Amino acid sequence: MSNIYVPFKDRSEWNDVTPIEQDDGPNPVVPIAYTDKFRDTMNYFRAVLKNNEISERALALTDEVINLNAANYTAWYYRRDLKEEMEYTDAMTEENQKNYQVWYHRQAILEKSRDVGSELELVARIISEDSKNYHAWVHRQWVVKEFNLWSGELQYLDGLIKDDVRNNSAWNHRFFVISHLDPSLSDKTRLEEIKYAFTSINLAPNNESPWNYAKGVASAKGGSDAAYQALKEGAEALLKRAPVNPFGHYVLLDCCTRSGTNQDLERGIVLCDNLVKFDGIRKKYWEFRKQKLSKDLAH
Amino acid sequence: MHHRKGVDGDDFSTDTLRDQIKTEKSITQYYYVYRQKQPDLFRSLSLLRQQHISYCLKGLNGLSSSFDCLDASRPWLCYWILHSLDLLGHELDEDLKSRVTDFLGRRCQNENGGFGGGPGQLPHLAPTYASVLSLCIINTTDSLNIINRDKLRSFIISLKDPKSKGYRMHKDGEVDVRGAYTALAVASLLNIDDEQVTSGVDEYVQSCQTFEGGIGSFHGNEAHGGYAFCGLAALMLCKKTEKIDIDALSHWAVRRQMSYEGGFQGRTNKLVDACYSFWMGSMFPLIHACLACRDPELINPEIFGFLQWTPPNHYSASGRYDPSKQVTFTQAVHFEEESDPNDDNEDQYPELDGGWYFDETALQEYLLLCCQSATGGLFDKPGKSRDYYHTCYSLSGLSVSQHQYEKPSSVLGNESNLLRRTNPIINITVDKVESTLKHFGKSTL
Ligand SMILES: [Zn+2]
């Protein structure tokens, strides 16, 4: 295919169509000085839309529109009516990874075709280039759930977490998978997951992701005493090595708040005092937490 | 100056840590100079108001072909620019007001309700939100009356997804928290937020709160600043603040402010970005309101009036807490039998110093020192180029951090840096919220 742009009026197959200019009004705001190519293509797209034309050439035209502006959701929507088309979307996805339309379009097509093909591999390829691409992860979760493809996920995540233990999207996905595999989150699962998180915490104790993960596993679905106990022991052991680690403090503070005994409330107050000192940017918040603990203690 | 603490301290290097260190280094040069000359710089630290105004006006009157890719977001361009100008205190002339009204109201508004991303485009909730807010910023009789409220209401209801109870962004489009927020924000402003519009949204948002405490776009998705703002604001607008675990959300939110940079990140272990000055920053006044619903002894309920918001009906109209209705709260505060929470018992539990639960000074330092373009406009972080989106949300975040409800404003640098006050739930200035609500027969959100 030639890269030279041929105006639509010089394309014989479009002879029968009268282009429609954009109705911007006499004196618009935020007018864009479109390139000639953009303006010309959109004029013909408007004509096709108006006639609600369903044809090969209309499909080819939406291709040109989307190439000029992948965020044109009207063209995507129109295209969805025209054809089910995975190959096209594959190519567009790789080029427009940060675009809502292209990802949602994949979902709509998969929903209809029910042919998941090598979808997870494509998503994995994009994640390998951009490991925290939000849309790619959203899409992965949808595919895994919709097509019941849970079995390889934990292994896939182990690799990603090994590559970058700070990849929070991977930790989030792990929680998603674990919550599916054991929806009630038994103590056994919780303890295993907390142990898994602490393996990473010990590598890099200032990495927030596994801390949030461990805390999330302990507190989900009303929380579990056994899991909180494991969390507490893990945090205490870490604080022996790294006494000013803020995450160890956060976790212990939550354990103390949850327990609610006078002794733990008093300990929580000390933890808040420490955090005011070495987590200064959040000082006002720790003062608030301290105030709340003092109030509970007085009751 | 805010005491700056670099990240991590762990030796174990990965891509995330390398990117973070690179960002901190790029910012050091700004803070280093600032630290050396702080007494002078502090006074001279200035918002480049005139430059920002020129940059915005230029965009309103014409954009180059490099904006082709925003052809489906023209109402957004209007909103980002008009709101920035409003915050900066620039008054539009009548001609410009009628041009905006004509463009959005007569070209982008769909005959069946809702607004498209440009003339002739499908109606979509995101440009609908941007268009309605722009028309409220213009705030003329014409600009408000041009909105077809009946059809807009039908359009909104047509997008409700019965399965998830959230909203689709457009016909057959994606369901995510942006849909719920944009639908409720315009409905509340225009006084069309009846039961049919609001019902079920609370359950949807609740399903999006993650194990980290923040909110993702859909059940299971990672907690994210933009979606978290949308979710929390949507809950406030449908008066179901008790549906969120506010302790977990607060903890997640305070963690997003970067110890070194002073600005906010949008997700755990991501980089600072000026647009989260609003998405994250504005959550703090909202969090204050949720905490005041639960702990009226600790948080002054005047926050409700400050937000132009009426709390759930467990409260009397004055915004005072009604203890007889506390049972409706899942996590109600238990008072002593004989104590009256309206009594003056401040001695026992002193009021906090005031101020939001983030470091306003550090955020303002980041925005003013690191994110202003010398020729106008603001950007994500040093090394990035300015755009209207980051200009709007940086200035909005700056406004949130400057305005307080229990003490006078907290402005870093010259007093002339003070921006107009934005309403953190809707993100147009409070004057515009007030007159819009009045126009449509309401007094608060
Ligand atoms: Zn940004």
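This is a chat about a predicted model, its chain contact and its zinc site.

Biologist: How many residues does each chain put into the contact?

Modeller: Chain A gives 66 residues and chain B gives 94 residues.

Biologist: And what area is buried between chain A and chain B?

Modeller: About 7,000 Å², with carbon and sulfur atoms giving 52% of that area. On the side of chain A, Tyr73(A), Tyr134(A) and Ile281(A) supply 12% of what chain A buries against chain B, more than any other three residues.

Biologist: How many polar contacts are there between chain A and chain B?

Modeller: The count is 50 residue pairs in polar contact.

Biologist: Which elements of chain A touch chain B?

Modeller: Several helices give two or more residues each, among them α1 (36–51), α3 (73–82), α7 (134–146) and α15 (283–298) of chain A. The largest share comes from α15(A), with 10 residues.

Biologist: What classes of residue are on that side of chain A?

Modeller: There are 33 nonpolar, 19 polar and 14 charged residues on the side of chain A that touches chain B.

Biologist: Now salt bridges. How many cross the interface of chain A and chain B?

Modeller: Seven are found there. Over all chains the count comes to 44.

Biologist: Which residue forms a salt bridge with Asp23(A)?

Modeller: Arg107(B) does, and the closest N and O atoms are 2.8 Å apart. Arg107(B) lies in helix α5 (residues 94–108) of chain B and Asp23(A) lies in the segment before α1 of chain A, so the pair joins two chains. Another salt bridge pairs Arg255(B) with Glu208(A), where the closest N and O atoms are 3.1 Å apart.

Biologist: Different topic: what are the protein donors of the zinc ion?

Modeller: Asp273(B) gives two OD donors, Cys275(B) gives SG and His390(B) gives NE2. These donors lie 2.0 to 2.5 Å from the zinc ion.

Biologist: What spacing do the donors follow along the chain?

Modeller: The spacing is D-x1-C-x114-H.

Biologist: Why is the arrangement around the zinc ion irregular?

Modeller: The four donor atoms subtend angles of 57 to 125 degrees. A tetrahedral site needs all angles between 85 and 135 degrees, so the arrangement counts as irregular.

Definitions and conventions:
Residues numbered from 1 in each chain as written. Chains lettered and ligands numbered in written order. Predicted model: local features only at pLDDT ≥ 70, side-chain atom pairs only at ≥ 80, totals over all residues. Heavy atoms only, no water. Contact = heavy atoms within 4.5 Å. Buried area = accessible area lost by both parts, 1.4 Å probe. Salt bridge = Lys/Arg side-chain N within 4 Å of Asp/Glu carboxyl O. Polar contact = N/O pair within 3.5 Å; in protein donor to acceptor, adjacent residues only side chain to side chain. Helix = DSSP H or I, 4+ residues; strand = E, 2+ residues; numbered from the N terminus. Nonpolar A, V, L, I, M, F, W, Y, C, P; charged D, E, K, R; others polar. Donors = N, O, S within 2.8 Å, 3.2 Å for Na, K, Ca; no water. Tetrahedral: all angles 85-135°; square planar, octahedral: opposite > 155°, others 65-115°.
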